[in-house]
Amino acid sequence: MRQQHLLLVGGRGHELPKAAALGVRHSMVQIPERADEEHAAAAARYAVQDYRDLETLLPLARDWHEADPFDAVLSFTEYGLEPASRVAIDLGVPGENLSAVLATRDKTRTRALLDRHGLSPVRHRICATRAEAAAFLSELGGRPLVLKPPSGGLSEGVYAVESAQQLPERWAWTAAVAGREPVLAEEYLTGPEYSVESISRHGVHEVVMVTEKLTTGLPGFVELGHQVPARLDAGALEAIEKLVLEFLEVIGQRTGPVHSELRLTPDGPRLIEAQTRVGGDQIWELCEMVSGVDQITETMSALLGRPDPPRVPRARAAAIRFFARENARVRHVDGLADAARAPGVVRSVCTLRPGQDLGPLLSSDSRQGYVLCAGDSTSDAVARAEAARDLVRVDSVPLPAAATATARPDGG
């Protein structure tokens with residue numbers, strides 16, 4: 001019997017053991033900054049190139065497919081989602097999810113689609129100039145706004161503006177990330193923030209987990225931790241699930257995971273943004289530990305025409321806390337072994353090293369690792385994760401102001 005063959009467009013590598021466990025071969029196209037010798041050795045074929053360039057990706061995929069046909073094409077990484085869908089269409093194999101990808105990759109499209117369907121109303125404005133953002137801020141009558149690059153990721157370039165005096169600096173920060181794109185300005189939503197992890201199979205959707213989120217204070221929104229399951233009453237949980245399921249239908253989601261972010265405002269849940277991939281920050285792993293739902297394996301199985309794998313939860317609750325120091329020079333790090341051995345710790349990863357200079361927390365990539373813990377309840381998992389994180393003792397000194405300023409995207 002022929003062994004099934006997947007084409008993976010990008011990824012961080014956690015997909016590979018799951019494909020192997022299914023007994024599936026894979027080939028992979030990877031960007032240079034994530035090229036990995038071990039990943040290359042495990043692949044039937046491996047190419048290092050910018051997969052966002054369809055003029056080079058499509059001919060490569062056609063050549064590989066002709067020599068060794070693919071049974072499906074997929075991506076679990078943000079910038080690989082659209083290329084993977086377009087390759088699937090070109091080759092005529094499962095994996096096309098283009099409608100949903102395009103509706104979510106560009107946040108201005110997401111807002112327009114929600115408006116057309118009367119879902120999750122949020123005041124917003126697409127701004128080509130700072131003056132347009134200033135006019136929108138004035139219209140909000142003293143309420144803050146949030147500036148976003150329309151197609152950004154990792155919380156990069158997302159900043160709150162609470163006054164007209166703050167706008168010039170924060171507009172520059174966001175515009176530097178947005179490049180030639182206009183900037184999306186939205187009213188600042190109040191209330192606790194959550195993410196919703198879902199899985200779809202051929203247009204049938206299921207919410208599998210709601211995740212509590214912890215982020216930095218204003219002006220940025222870099223994530224500092226997550227915990228599952230979210231501590232919500234039945235009414236709030238029902239409202240969140242209803243909104244997400246309606247949203248998945250509206251965007252035309254077909255097969256695969258969606259990671260949706262929202263706030264539970266005084267007026268009900270309001271969508272912030274969504275991506276047709278698993279949640280980053282090991283959220284996919286937290287979800288798998290507590291719900292038993294392996295979104296990656298279930299997506300592969302659905303596209304390959306296989307039955308769903310069994311769902312076997314491994315913990316009642318789980319939490320992750322990140323090392324997120326900034327604007328400091330590290331002199332000494334101690335306690336790494338203690339953190340790894342602490343109660344409930346599943347994994348501890350820390351990249352803090354003596355002599356390291358840490359700039360500001362501009363995005364999720366600015367953080368320095370994490371501690372992931374299991375617990376008997378959400379509160380227990382959080383307490384364990386924070387206790388283990390705090391066992392890592394860091395001696396540091398502040399960096400000079402000039403060194404931290406140059407790390408901002410506009411250099412100022």
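This short talk covers a salt-bridge network around R201 and then a small set of paired strands.

Keep in mind that this is a predicted model. Salt bridges first. The structure holds 35 of them. I will stay with the ones around R201.

Start with E206. Its side chain meets that of R201 in a salt bridge, at 3.3 Å from N to O. How exposed are these two partners? E206 has 26% relative accessibility, so it counts as partly exposed. R201 has 17%, and because buried means under 20%, R201 counts as buried.

Next partner: E298. The side chains of R201 and E298 form a salt bridge at 2.7 Å, N to O. Where do the two residues sit in the chain? R201 is in strand β9, residues 193-201. E298 is in helix α11, residues 295-303. They are 97 residues apart, so this pair links distant parts of the chain. As for burial, both R201 and E298 are buried.

Third partner: D308. Here the side chains of R201 and D308 meet in a salt bridge at 3.0 Å, again given N to O. This pair also links distant parts of the chain. R201 lies in strand β9, while D308 lies in the loop between α11 and β14, and β14 covers 317-322. The separation is 107 residues. Is D308 buried, partly exposed or exposed? Its relative accessible area is 38%, so D308 is partly exposed.

Now put the pieces together. Which residues end up in one network? Salt bridges with shared partners join R201, E206, E298, D308 and R311. On the slide, start at R201 and go out to E206, to E298 and to D308.

On to the strands. Three of them form an open sheet. The order is β17-β15-β19, and the pairing is antiparallel. Which strands are at the edges? They are β17, residues 357-358, and β19, residues 393-398. Each of these edge strands pairs on one side only.

Take the β15 and β17 pair. Strand β15 spans residues 328-334. It pairs with β17 in the antiparallel sense, over two bridges. To find your place in the model, look for R329, which stands opposite D357 in β17.

To recap, two items. One network joins R201, E206, E298, D308 and R311 through salt bridges that share partners. One open, antiparallel sheet runs in the order β17-β15-β19.

Notes
Residues numbered from 1 in each chain as written. Predicted model: local features only at pLDDT ≥ 70, side-chain atom pairs only at ≥ 80, totals over all residues. Heavy atoms only, no water. Salt bridge = Lys/Arg side-chain N within 4 Å of Asp/Glu carboxyl O. Buried < 20%, exposed > 50% of the residue type's maximum accessible area, 1.4 Å probe, protein only. Helix = DSSP H or I, 4+ residues; strand = E, 2+ residues; numbered from the N terminus. Pairing = 2+ DSSP bridges.
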